[in-house]
Amino acid sequence: MKVTLIRLPLVAPLGSVNNEPTPPLGLAFLAASLKQAGFDIQGIDATGENIENIKKIPNKKLQYNGIDIDSLVERIDLDAKVIGVSSMFTHEWTYVRECITKLKNNFPSIPIIAGGEHISALPEYSLRDCKGLDYVALGEGEETIVDFCKQIEKGKSPNQVDGICRLSQNKYVKNSPRRRIKNVDQIPWPDWDVFKIEPYLDNSISFGASFGRNIPIMATRGCPYQCTFCSNLEMWTKRYYMRKPEDVIDEIKYYIEKYKVEGIQFYDLTAIVKKQWIIEFCNLYLDNNLSIEWSLPSGTRSEVLDDEVLQMLSETNLRYLVYAPESGSKNMLEKIKKRITLSSMIHSVKTA
């Protein structure tokens, strides 16, 4: 059965120059899991297919980066039985809604399911605000999308699949939540054949500092903290799972061999929580004679970044490290439940 997964054009404020496209990592994970389950996957990266194209969105103070909606519709495989759409950021929603509506108008008989951070944070709102959306998936999507597509393939209703929500006669229906995937080492690596990585590699596009041919990677999933401003609880719950350092090293070596990458960027919410894990990772990095530059661009907590860890990070060629203290006010840190000690954080930054 053919399943079409879509990453829509990147949306940013009109005139923005600092919102660079990044590879669709989440969808690449979904593509890998669906392919492993035997499905035929069409991946459309509307941003990556035309990275240089930046146009104003009519009637909005926004711009999109990539192909337009009509070009996107033309790329949909007519044999597709399911259309999956990623919606990560709320500021993109008005354009995402427009795109989904266009897709539904052109393919009224194909179920459309959306997932991602925005959807997981605002599922009922998303369903009511976009009538073209049939289902939404909450949180981690690999097992949910596979179960959903299996039901469609059997000719059955997917309405009872754990982890999804829908509207039934205008009533919001939320199914049982899906359990988090504990054994994250069993999740297939992202499929960069379905979602072509080359446009990003060839243009040295990166999330943080660029080291040439940069590729994203995730070593952990979720975050054990509960900062009030973050969508982590809706997307990942409180559970934090780490891959084995050996598996992460193997993935890095694979990318170096296959794609000739020059930089690794960790997209984790909180990549470094346990000191033992990062020390083991760094030792394996050195034992495997890796010299490739890597970075932590998504905002790192300072608790584990003591003198010993920072020395190891430096020795393994970490070249870009982002701290995320959020505030220098102890009162504000308490209000937002950001559990850091300012003196330790300042010492860590100075040491780095």
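## Nonpolar cores

In this predicted model, the largest nonpolar core holds 68 residues, and those with the most contacts inside it are Phe266, Ile278, Phe281, Trp294 and Leu313. Apart from it lies another core, made up of 33 residues, among which are Tyr64, Val73, Phe107 and Leu127. In soluble globular proteins, nonpolar side chains tend to be buried together.

Trp294 can be followed further through its partners: leaving aside neighbours within four places in sequence, Trp294 is in contact with Phe211, Ile264, Phe266, Ile278, Phe281, Tyr285, Leu313, Thr316, Asn317, Leu318, Arg319 and Tyr320.

## Helices H10 and H11

Helix H10 spans residues 275–287 and helix H11 spans residues 307–315, and their axes come within 10 Å and cross at roughly 25 degrees. The two helices are therefore roughly parallel to each other, since angles under 35 degrees count as such, and their crossing is left-handed.

On the H10 side the contact is made by Lys275, Ile278, Ile279, Cys282, Asn283 and Leu286, while H11 contributes Glu308, Val309, Met312, Leu313 and Glu315. Sorted by class, the residues in this contact are 7 nonpolar, 1 polar and 3 charged. Ile278 and Leu313, which take part in this contact, are also listed among the residues with the most contacts inside the largest nonpolar core, and both are in contact with Trp294.

## Helices H1 and H6

The axes of helix H1 (residues 25–36) and helix H6 (residues 142–153) come within 9 Å, crossing at roughly 45 degrees, which makes H1 oblique to H6. The crossing in which H1 passes H6 is right-handed.

Where these helices meet, Phe29, Leu30, Ser33 and Leu34 of H1 face Glu142, Ile145, Val146 and Cys149 of H6 in contact. By class, this contact has 6 nonpolar, 1 polar and 1 charged residues.

## Positive phi in two loops

Most residues other than glycine have a negative phi. Asn317, although not a glycine, has a positive phi near 80 degrees, and its place is in the loop between H11 and strand S16, which covers residues 318–323. Asn317 counts as buried because its relative accessibility is 16%, the cut-off for buried being under 20%. Asn317 is also one of the residues in contact with Trp294.

Thr237, likewise not a glycine, has a positive phi of about 65 degrees and is found in the loop between helix H8 (232–236) and strand S13 (241–242). With a relative accessibility of 35%, Thr237 counts as partly exposed.

Methods: Residues numbered from 1 in each chain as written. Predicted model: local features only at pLDDT ≥ 70, side-chain atom pairs only at ≥ 80, totals over all residues. Heavy atoms only, no water. Axes fitted to C-alpha atoms, helices over the stretch in contact; angles between N-to-C directions. Helix = DSSP H or I, 4+ residues; strand = E, 2+ residues; numbered from the N terminus. Parallel < 35°, antiparallel > 145°, perpendicular 65-115°, else oblique. Left-handed = near helix turned anticlockwise from the far one by under 90°. Contact = heavy atoms within 4.5 Å. Nonpolar A, V, L, I, M, F, W, Y, C, P; charged D, E, K, R; others polar. Core = buried A, V, L, I, M, F, W, Y, C linked by side-chain atoms within 4.5 Å. Buried < 20%, exposed > 50% of the residue type's maximum accessible area, 1.4 Å probe, protein only.
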